[in-house]
Amino acid sequence: MLEALFGWWEYDFMRRAFFAVLLIMPLFSLLGTLVVNNGMAFFSDAISHSAFAGVALGLIFSINPHVAMPVFGILVGLGIMAVQRNSALSSDTIIGVFFSAVMAFGLAVVSRDNAVARDLQQFLYGDILTITETDIRWLIGLFFALAAFQIWGYNRLLYIGLNSVVAKAHRINVFFWQYLFAGLLALVVMFSVWAVGVLLV
């Protein structure tokens with residue numbers, strides 16, 4: 001009976017998938033409160049869909065998608081944060097523009113090569129069984145980095161989310177914490193895309 005239940009443990013790819021799930025779940029839960037408190041749920045959606053364009057660029061220019069996707073996602077996340085801080089427009093409007101732009105850009109890039117379009121299916125729907133040892137090491141590193149970030153900056157970000165002006169008056173570096181949080185959130189989203197896909201993230 002036990003062999004039937006745990007027979008999957010004999011396979012390396014199944015064990016890697018299991019450990020990936022155990023690492024991804026707390027990453028999302030640790031960030032969830034801050035994402036909601038700072039009104040960034042739609043921000044996460046835009047970042048996950050930027051993976052589409054990041055992977056497409058990587059495949060077109062022969063750059064490892066594991067590198068192209070997180071780099072492009074971080075750039076999009078920091079770009080959204082920069083425009084939010086220097087514009088009178090609402091956050092939803094700014095994120096909506098970035099969301100549409102990265103999706104349109106990704107589709108434009110993919111349409112140039114049918115082979116690339118086929119390769120992108122994995123990133124739309126995810127494939128946790130393809131997680132590698134390197135991916136697991138990155139997830140472990142990201143987990144500890146996020147845990148340290150939560151211990152160090154949770155209260156500050158909570159304060160910023162409630163009232164950034166008052167937080168600044170209390171000598172909290174709003175600029176630093178907002179950009180750091182946006183970059184870290186983009187990294188978590190991008191690494192999760194490999195496992196569960198753009199649509200679920």
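**Exercise 1. In this predicted model, find which helix holds glutamine 178, and decide whether the residue is buried or exposed.**

Solution. Glutamine 178 is found in helix α10, in a model that is predicted. The next step is to look at its relative accessible area, which is 17%. Residues count as buried under 20%, and glutamine 178 is therefore buried. To see what surrounds the residue, leave aside its neighbours within four places in sequence; glutamine 178 is then in contact with Met81, Arg85 and Ile160.

**Exercise 2. Work out where alanine 167 lies, and whether the residue is buried or exposed.**

Solution. Begin with the helix: alanine 167 has its place in α9, which covers residues 164-169. Its relative accessible area is 0%, so alanine 167 is buried. Then consider its surroundings, again without the neighbours within four places in sequence: the contacts of alanine 167 are with Tyr159, Ile160, Ile172 and Val174. Finally, take a distance along the backbone: leucine 157 is 10 residues away from alanine 167 along the chain, and the C-alpha atoms of the two are separated by 9.0 Å.

**Exercise 3. Describe the overall make-up of the protein: how many helices and strands are there, and what percentage of the residues is buried?**

Solution. Counting the elements gives 10 helices and zero strands, and reading along the sequence gives the pattern α-α-α-α-α-α-α-α-α-α. Of the 201 residues in the protein, 39% are buried. For the contacts, consider those with a separation of 6 or more: 77% of them are accounted for by residues 24 or more positions apart.

**Exercise 4. Characterise how α3 and α4 cross, and state which classes of residue make their contact.**

Solution. Two packed helices are described by the angle between their axes and the distance between the axes. For helix α3 (residues 41-60) and helix α4 (residues 65-85), the axes come within 7 Å and cross at roughly 140°. That angle makes α3 oblique to α4, since only angles over 145 degrees would count as roughly antiparallel. The crossing of α3 and α4 is right-handed. The contact involves residues of α3, among them Phe43, Ala46 and Ile47, and residues of α4, including Phe72, Gly73 and Ile80. Sorted by class, the residues of this contact are 14 nonpolar, five polar and no charged.

**Exercise 5. Apply the same kind of description to α2 and α8: at what angle do their axes cross, and what is the handedness?**

Solution. The axes of α2 and α8 come within 9 Å and cross at roughly 15°. Angles under 35 degrees count as roughly parallel, and α2 and α8 are therefore roughly parallel to each other. Their crossing is left-handed. The contact of α2 with α8 has 19 nonpolar, four polar and two charged residues.

**Exercise 6. Examine the largest nonpolar core: which residues touch the most other members, and which helix supplies the largest share?**

Solution. In soluble globular proteins, nonpolar side chains tend to be buried together. Here the largest nonpolar core has 52 residues, of which Phe43, Phe181 and Leu185 touch the most other members. At least two residues of this core come from each of α2 (12-37), α3, α4, α5 (91-110), α8 (133-162) and α10 (174-200), and the largest share, 15 residues, is supplied by α10. As a last step, return to phenylalanine 43: apart from neighbours within four places in sequence, phenylalanine 43 is in contact with Gly77, Ile80, Ile95, Ala182 and Leu185.

Notes:
Residues are numbered from 1 along each chain as its sequence is written. This is a predicted model: local features need pLDDT of at least 70, side-chain atom pairs count only at pLDDT 80 or more; totals for chains, interfaces and linings use all residues. Side-chain values use heavy atoms; hydrogens and water are left out. Axes are lines fitted to C-alpha atoms, for helices over the stretch in contact, and angles run from 0 to 180 degrees between N-to-C directions. Helices (H or I, at least four residues) and strands (E, at least two) are DSSP runs, numbered from the N terminus. Angles under 35 degrees count as roughly parallel, over 145 as roughly antiparallel, 65 to 115 as roughly perpendicular and the rest as oblique. A crossing is left-handed if the near helix is turned anticlockwise from the far one by less than a right angle, and right-handed if clockwise. Contact means heavy atoms within 4.5 Å. Ala, Val, Leu, Ile, Met, Phe, Trp, Tyr, Cys and Pro count as nonpolar, Asp, Glu, Lys and Arg as charged, and the others, Gly among them, as polar. A nonpolar core is a set of buried Ala, Val, Leu, Ile, Met, Phe, Trp, Tyr and Cys residues joined through side-chain atoms within 4.5 Å. Buried means under 20% relative accessible area, exposed over 50%, partly exposed in between (1.4 Å probe, protein chains only).
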